Amino acid sequence: MTMYATLEEAIDAAREEFLADNPSVEESDADVQQLNIQKYVLQDGDIMWQAEFFADDSEEGECLPMLSGEAAQSVFDGDYDEIELRQEWLEENTLHEWDEGEFQLEPPLDTEEGQAAADEWDER
């Protein structure tokens, strides 16, 4: 899993990965049907992003489906507003790091580490 400091970097990397996974497709001819995105909050408070493009809107990846059809194709083509994408993100879908490399929607409150992570998140 590769995460990026900005959503734009994550989208660029997802575009490159899609093209690498489909070597017979030229970038200008790519037919993208789905964009998946995931937002992460690390223990130190940094925000990281991950994105994926798929040619079929029924494919499942590591991220949550965000856009499909023409909207996903538009983002693939670079015709999007990052601020708008960020505003459409549902905060309840953000994954938080509660232990190094371990992410959950909420920290497990039944462990000392989970309680410490919850306390850190509350401080923000």
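This passage describes strand β1 and its partners, and then an exposed serine in a predicted model. Residues are numbered from 1 along each chain as its sequence is written. Because the model is predicted, local features need pLDDT of at least 70 and side-chain atom pairs count only at pLDDT 80 or more, while totals for chains, interfaces and linings use all residues; side-chain values use heavy atoms, with hydrogens and water left out.

A good place to begin is β1, residues 34-41 (strands are DSSP runs of E with at least two residues, numbered from the N terminus). Here 8 of 8 residues are buried (under 20% relative accessible area with a 1.4 Å probe, protein chains only). Gln34, Asn36, Gln38 and Tyr40 point one way from β1, and Leu35, Ile37, Lys39 and Val41 point the other way.

β1 pairs with β2 in the antiparallel sense through 8 bridges (pairing requires that DSSP finds at least two bridges between two strands). In this pair, lysine 39 lies opposite tryptophan 49 of β2. The two strands make a hairpin with 5 residues between them, and glycine 45 in the turn has a positive phi of about 95°. β1 is also joined to β3 by 4 bridges, again antiparallel, with isoleucine 37 opposite leucine 64. With β4 (residues 95-99), β1 runs parallel and shares 2 bridges; valine 41 has histidine 96 as its bridge partner there.

Turning to the loop between β2 and β3, one finds serine 58. Serine 58 is exposed, as its relative accessible area is 55% (exposed means over 50%). Its C-alpha atom is separated by 10.0 Å from that of serine 68, 10 residues apart along the chain.
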